[in-house]
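Student: I'd like a close look at one part of this model, the sheet in a single chain. Could you walk me through how the strands are arranged, and then place that part in its wider setting?

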2 protein chains.
Amino acid sequence: MEANRIRGVLAPVVTPFKDNLSPDRERLIAHCKWLLARDCGLAVFGTNSEANSLSFDERAMLLDELVAAGIDPARMIPGTGCCSITETVNLTTQAVKHGCAGVLMLPPFYYKKVSDEGLYAYFSEVVQRVGDARLRIYLYHIPPVAVVGITPKLVERLLQAYPSAIAGMKDSSGDWNNTKTFLEAFAGTSCPTASDFDVFVGSESFLLANLRHGGVGTISATANVNPAAIHSVFAEATTRQEAGSVSGPRLEALQAKLNVVREVFSSTTFPSMIAALKQAIASYRNDPEWSRVRPPLIELTPAQAKTLSAEMKAIGFAMA
Amino acid sequence: MEANRIRGVLAPVVTPFKDNLSPDRERLIAHCKWLLARDCGLAVFGTNSEANSLSFDERAMLLDELVAAGIDPARMIPGTGCCSITETVNLTTQAVKHGCAGVLMLPPFYYKKVSDEGLYAYFSEVVQRVGDARLRIYLYHIPPVAVVGITPKLVERLLQAYPSAIAGMKDSSGDWNNTKTFLEAFAGTSCPTASDFDVFVGSESFLLANLRHGGVGTISATANVNPAAIHSVFAEATTRQEAGSVSGPRLEALQAKLNVVREVFSSTTFPSMIAALKQAIASYRNDPEWSRVRPPLIELTPAQAKTLSAEMKAIGFAMA
């Protein structure tokens, strides 16, 4: 097991925008610091960050600015997977040079029904072009959005060719059976590459299950607003794991509480979870600027914002 | 009816790559000239061009190079729709400044199930940011690939707000009923904005049908290899249209011949139509360099290339 790999709870950090829709550097830095102070790692430029709504230049510039502001690269795994291999290589190289813990890499997602052979060629080319022993790629499986997904066969082939560069994956399929398949194939103790392939679940509702089956944590949208509670489940589970068993009513109760919060933000009442999370941050910070999203996403209406606020109150939720 | 709009047959021009996978400027220019000489307009940077496998910089540079090489911008509608509004605006502005006939614009395609309101906000913002009366947008509906599509309600709202900037669409749904819906709503004589909304079909198999119902042409992958024959159907249909009726056995026979050619290239024997088209160009020009694609697409195997060659021979097809 590679010692200093990033594990635990990570937030796909939401990206604030100014009124001209440009990325708001200051607010982003402040939010990153707030998350880090709550033991939350930073998966900047994920789906939840509206990263694909940013230009290549905006992404590259923001990463430089975060590092310049003193955000620890060892706590970051920036999203770098674009449709274009040249952009993926450039963003990944930049992240590696900054000393980031790794990169979260979408497959190229424009063409659909592409072959595993084509995806293998793509990732293979990326690893070779980046050509840096420090590279750690977390493959990003999110079929509800990217449509193009990551299969076990693809992971197997990539791990065989690049055992050090292919560090793990984020499974945002929302399907626990799929996560289990990957855990059993690549992270279980029966596997020769055991625990060199780190599986993160894309929702903290699977956090305990993931940790029980050899996974290493979660990269979850709601970590933007609920990092401390999610981390407490991770921390308690890890302590118990060392003692031999990840179970007990207290742990189950903590997990159940996480699920209740997640349910509020996942409600189909809202145009998107991203917009709901930003609205919650806007309320928490009393800063309406935070609610802004880039098209094609849309903000919550005032009525929806009220509903969200009432629902958070009803479950006794406050950002922490 | 706006006089000098681009109409007829356009090719989503395939993009050749060098052995280091960088775009091959010289071969691209030569292919564009070959197409122009066959009355074929240039929808450079379309799906078929692997445009989303190019970086923003590569796309921008290639357009500059095409114009510098003397390719007439009035015969080009570059694809400029990216996931990021900033990149879409920049590529579109560049195309307008070059005097391109228009731009072919994908909706932002990363997030799925986005609302028409969000898409309206997106396109609206693009039109306003480009802020140029010469802007002509052809909305690009290709749900099998982009998943995110263009609805009649969205077109209606955009046409009301921007009747001059919204010039038409390319329908690559492969569903004639969908094309008909758009034609009847926006291009038919019953419509107040009649013939200010130009509908191109994404496959020449619908060319005659499209022209009969008020459409203006086709932007079709196979125009890369079969431009002259496709243009002859357009030309003959246009002549007959002026005489009052787009029909007759000769026209039907010409259309049927187009369909036979298209079928060869659409065969699921091949990994993609793009790879098959490039292989055909490689054979025709006796230039294996042409067969290269960027990952995640893959080239035809030698056996598949043989099959393609045999099938072209069997139907008596030669590039022209």
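Tutor: Happy to! In chain A of this predicted model, seven strands make up an open sheet in the order β2-β1-β7-β6-β5-β4-β3, and their pairing is parallel. The edge positions belong to β2 and to β3 (103-105) of chain A; each has a single partner strand, so one side of each is left without a neighbour in the sheet.

Let's start with β1 of chain A, residues 8-11. On one side, three bridges tie β1(A) to strand β7 of chain A (residues 217-219), and the two run parallel. You can find this pairing in the view by looking for G8(A), which stands opposite G217(A) in β7(A). β1(A) is also joined to β2 of chain A (residues 41-42), here by two bridges and again with the strands running parallel. A good marker for this second pairing is L10(A), whose bridge partner in β2(A) is G41(A). To get from β1(A) to β2(A), the chain passes through helix α1 of chain A (residues 25-36), and this β-α-β crossover is right-handed.

Elsewhere in the sheet, look at strand β4 (residues 137-141) and strand β5 (residues 166-171) of chain A, which pair in the parallel sense over five bridges. Within this pair, Y140(A) stands opposite K170(A) in β5(A). As background for reading such pairs, strands of a sheet pair through backbone hydrogen bonds, either parallel or antiparallel. In a regular strand the side chains alternate between the two faces of the sheet.

Now for chain B. Its seven strands form an open sheet in the order β2-β1-β7-β6-β5-β4-β3, with parallel pairing. At the edges are β2 (41-42) and β3 (103-105) of chain B, each with a single partner strand, so one side of each lacks a neighbour in the sheet. Three bridges link strand β1 of chain B (residues 8-11) to strand β7 of chain B (residues 217-219), and these strands run parallel. In this pair, L10(B) has I219(B) in β7(B) as its bridge partner.

How do the two chains relate? Chain A is superposed on chain B by a rotation of 180 degrees with 0.0 Å of shift along its axis, at an RMSD of 0.0 Å. That is the relation of a two-fold axis. The same surface serves both copies, since 100% of the contact residues of chain A recur in chain B. The contact draws 43 residues from chain A and 43 residues from chain B. Between them the chains bury about 3200 Å², 64% of it on carbon and sulfur atoms. Y110(A), Y111(A) and P296(A) supply 25% of the area that chain A buries against chain B, more than any other three residues.

You may also wonder about covalent links between cysteines. The count of disulfides over all chains is zero, taking sulfur atoms within 2.5 Å as the criterion. Take C40(A): the closest cysteine sulfur, in C32(A), is 9.5 Å from its own, which is too far for a bond. C40(A) counts as buried, because its relative accessibility is 0%. In chain B, C82(B) is in no disulfide either, and the nearest cysteine sulfur, that of C83(B), is 7.5 Å away. C82(B) is buried too, with a relative accessible area of 7%.

Terms used:
Residues numbered from 1 in each chain as written. Chains lettered and ligands numbered in written order. Predicted model: local features only at pLDDT ≥ 70, side-chain atom pairs only at ≥ 80, totals over all residues. Heavy atoms only, no water. Least-squares fit on C-alpha atoms with pLDDT ≥ 70 in both. Contact = heavy atoms within 4.5 Å. Pairing = 2+ DSSP bridges. Helix = DSSP H or I, 4+ residues; strand = E, 2+ residues; numbered from the N terminus. Right-handed = clockwise from strand over helix to strand, strands pointing away. Buried < 20%, exposed > 50% of the residue type's maximum accessible area, 1.4 Å probe, protein only. Buried area = accessible area lost by both parts, 1.4 Å probe.
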